[in-house]
Amino acid sequence: MSTELHPSIVALVSLAANIAGNHPKQGLCQVDKLKHYGVAQDQIDQVVEIARHIRDEAGDSLDALFDEACRKEGAKAKLSAIPVSEGACCTPTASGKSCC
């Protein structure tokens with residue numbers, strides 16, 4: 001039996017994905033929907049913060065991997081999948097919010 005997600009949850013997920021994925025529209029229409037559904041601005045801000053953190057963390061990881069590969073093998077370096085660390089699955093945002 002499948003249960004549909006509440007539209008506010010769909011809008012939150014879509015907003016986060018748009019931001020984390022660097023979508024040109026940045027999820028701005030989802031913000032309007034979330035306000036219409038009565039989602040508090042503080043909750044929207046938390047989702048934006050977490051999505052930006054994940055986006056920035058991914059970029060930093062890719063940059064570090066790229067830099068390491070360039071130092072080892074030069075311009076012809078082939079990048080493999082990003083290794084998963086042994087520790088926590090993610091780091092907290094600047095304000096201490098968990099993204100996992």
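**Exercise 1. Burial in the chain**

Determine what percentage of the 100 residues of the protein chain count as buried.

*Solution.* Buried means under 20% relative accessible area, exposed over 50%, and partly exposed in between, with a 1.4 Å probe and protein chains only. By this rule, 21% of the 100 residues of the protein chain count as buried. The model is predicted: local features need pLDDT of at least 70, side-chain atom pairs count only at pLDDT 80 or more, and totals for chains, interfaces and linings use all residues. Residues are numbered from 1 along each chain as its sequence is written, and side-chain values use heavy atoms, with hydrogens and water left out.

**Exercise 2. Helices and strands**

State how many helices and strands the protein chain has, and which pattern it follows.

*Solution.* Helices (H or I, at least four residues) and strands (E, at least two) are DSSP runs, numbered from the N terminus. The protein chain has three helices and zero strands. Along the sequence this reads α-α-α.

**Exercise 3. The largest nonpolar core**

Identify the residues of the largest nonpolar core and the elements that supply them.

*Solution.* A nonpolar core is a set of buried Ala, Val, Leu, Ile, Met, Phe, Trp, Tyr and Cys residues joined through side-chain atoms within 4.5 Å. The largest one has 10 residues: Ala11, Leu15, Ile19, Val31, Leu34, Val39, Ile44, Val47, Val48 and Ala51. Two or more residues of this core come from each of α1, α2 and α3. The largest share, four residues, is from α3.

**Exercise 4. Contacts of two residues**

Find which residues Ile19 and Asn18 contact, leaving aside neighbours within four places in sequence.

*Solution.* Contact means heavy atoms within 4.5 Å. With those neighbours left aside, Ile19 is in contact with Gln26, Val48, Ala51, Arg52 and Arg55. On the same condition, Asn18 is in contact with His23, Gln26, Gly27 and Gln30. Asn18 is found in helix α1 and is buried, because its relative accessible area is 13%.

**Exercise 5. Ile50**

Decide whether Ile50 is buried, partly exposed or exposed, and how far it lies from Pro92.

*Solution.* Ile50, in helix α3, has a relative accessible area of 22% and is therefore partly exposed. Ile50 and Pro92 are 42 residues apart in sequence, and their C-alpha atoms are 8.5 Å apart in space.
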